[in-house]
Amino acid sequence: MFGRFLAASPLVILAACQGTPQQPAVTVTDLVVTVPAVPGGPGAGYFTLRGAGGGGTLLAVASPRAERIELHETRSEGGMTRMVAIERVAVVDDEVRFEPGGKHAMLFGVDPALKVGDRLNLTFTFEGAPAVTVEADVRGPGQAHANH
Ligand SMILES: [Cu+2]
């Protein structure tokens, strides 16, 4: 009885190994950073995350020209809008948009020399997928949607 189970198991393993599974990955597109509206104030970052092969979970965003980057979400409750900090944004095989009025990244301690038209590298760290570094378009305050 036991012998029959053992003889059957290699077939099951072979079947499970067929096909090449896609590696989990998250891509970052449409990355825009807006410079602070007032000197010393925070800048904002907007982008689209797309998961494949099971995706991953966004843990952190960092840039060599910002001291700290936080992930926020703008929520409206009873006619008031407020920002709350968010962590661990899961991106499975779908798309998550960070855009004005919703989820966004907030850049604190931005290099005062950063100006509109510059390119700025942001590194996105994920759990379950490789980190990616993407170059952002730097735009003026409130110009996240300008000139597509
Ligand atoms: Cu914010």
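**Strand pairing and the nonpolar core**

In the pairing of strand E3 with strand E9, Ala 60 stands opposite Thr 125 of E9. The model is predicted. E3 covers residues 56-62, and E9 covers residues 119-127. Five bridges link E3 and E9, in the antiparallel sense. E3 also pairs with strand E6, residues 89-91. Three bridges join E3 and E6, and these strands too run antiparallel. Here Leu 58 of E3 faces Val 89 of E6.

The wider fold holds one helix and ten strands. Along the sequence, the pattern reads α-β-β-β-β-β-β-β-β-β-β. The helix therefore precedes the strands, given numbering from the N terminus. The protein has 148 residues, of which 25% count as buried. Among contacts with a separation of 6 or more, 69% are between residues 24 or more positions apart.

The largest nonpolar core contains 27 residues. Ala 105, Leu 107 and Ala 136 have the most contacts inside this core. Seven strands are listed as contributors below. E1 (25-34), E2 (43-52), E3 and E4 (66-77) each supply at least two core residues. The same holds for E8 (103-110), E9 and E10 (132-139). E1 gives the largest share, five residues.

Ala 105 lies within E8. Leaving aside residues up to four places away in sequence, Ala 105 touches Ala 44, Gly 45, Val 61, Ile 69, Leu 71 and Phe 98. Of these partners, Ala 44 and Gly 45 fall in E2, and Ile 69 and Leu 71 fall in E4. Val 61 belongs to E3.

Conventions: Residues are numbered from 1 along each chain as its sequence is written. This is a predicted model: local features need pLDDT of at least 70, side-chain atom pairs count only at pLDDT 80 or more; totals for chains, interfaces and linings use all residues. Two strands pair if DSSP finds at least two bridges between them. Helices (H or I, at least four residues) and strands (E, at least two) are DSSP runs, numbered from the N terminus. A nonpolar core is a set of buried Ala, Val, Leu, Ile, Met, Phe, Trp, Tyr and Cys residues joined through C-beta atoms within 7 Å. A residue is buried if 20 or more other C-beta atoms lie within 10 Å of its own, exposed if 12 or fewer, and partly exposed in between; C-beta atoms are placed from the backbone. Two residues are in contact if their C-beta atoms, placed from the backbone, lie within 7 Å.
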